[in-house]
Amino acid sequence: MGNISEHFSDYEFACPCCGEVKVSEAFLVKLDKLRGLLGKPIHVTSGCRCTKHNADLRSRGYHSVDGSAHTISERQECEAADLECSSSTYRRELLILAHSIFNRVGVAKSFIHVDDDADKDQNVTWTY
């Protein structure tokens, strides 16, 4: 396994089900920018998901929708990441910077979701 960008490895984005990694280059550029501005490590808790893994998460009660920006296929690259938040101070810093780079940001107790899915509503923030 190796780096797929300046700050992130393919291991961090690999689908837990099949190990496939297929991430949008434009998304990685934005994620690297976020990491550079933050000046601290960012841990990706969820990156690429094959359709089987995405459906499995949904069946176990996780907020995972059909057509998720995490989902990969022959025609679709991952354009999303869930970023671990270990404290409220870190969450606040990450959230402020994420809003300056991404138009779609989700906030949960233990992570911040960022994505670049142009087919979904833009300039939105939501909670889980």
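**Notebook: buried sites and aromatic pairs**

I began with N54, which is buried, with a relative accessible area of 4%. The model I am reading is predicted. I placed N54 in helix α3, residues 51-59. Next I looked up its contacts, skipping residues up to four places away in sequence. N54 touches R49, S64, V65, D66, S68 and T71.

**Entry: S24**

I then turned to S24. Where does S24 sit? I found S24 in the loop between α1 (10-13) and α2. Buried or exposed, at 7% relative accessibility? S24 counts as buried, because the cut-off for buried is under 20%. I listed its contacts, leaving aside neighbours within four places in sequence. S24 is in contact with E77, C78 and E79.

**Entry: L31**

I moved into helix α2, residues 25-38, where L31 lies. L31 is buried, with a relative accessible area of 0%. Which residues does L31 contact, beyond its neighbours within four places in sequence? I noted F8, F13, A81, L83, F102 and V114. I also checked L31 against V105, which is 74 residues away along the chain. Their C-alpha atoms are separated by 13 Å.

**Entry: aromatic pairs**

Two contacts of L31, F8 and F13, sent me to the rings. How many aromatic pairs does the structure hold? I recorded four. The rings of F8 and F13 have their centres 6.3 Å apart. Their planes stand at 85°, so I logged the pair as edge-to-face; the cut-off for that class is over 60 degrees. F8 is buried, with a relative accessible area of 1%. F13 is buried too, with a relative accessible area of 0%.

I went on to F111 and Y128. Their ring centres lie 5.2 Å apart and their planes are at 50°. Why is this pair tilted? An angle of 50° is neither under 30 degrees, as stacked requires, nor over 60, as edge-to-face requires, so the pair counts as tilted. I traced where the two rings come from. F111 is in strand β6, residues 111-115. Y128 is in the segment after β7 (124-127). The two are 17 residues apart, and the pair links distant parts of the chain.

I checked the exposure of Y128 as well. Y128 is partly exposed, with a relative accessible area of 39%. Last, I looked up which residues join F111 and Y128 in a cluster. I wrote down W126: F111, W126 and Y128 form one aromatic cluster.

Conventions. Residues numbered from 1 in each chain as written. Predicted model: local features only at pLDDT ≥ 70, side-chain atom pairs only at ≥ 80, totals over all residues. Heavy atoms only, no water. Phe/Tyr/Trp six-rings, centres within 6.5 Å; stacked < 30°, edge-to-face > 60°. Buried < 20%, exposed > 50% of the residue type's maximum accessible area, 1.4 Å probe, protein only. Helix = DSSP H or I, 4+ residues; strand = E, 2+ residues; numbered from the N terminus. Contact = heavy atoms within 4.5 Å.
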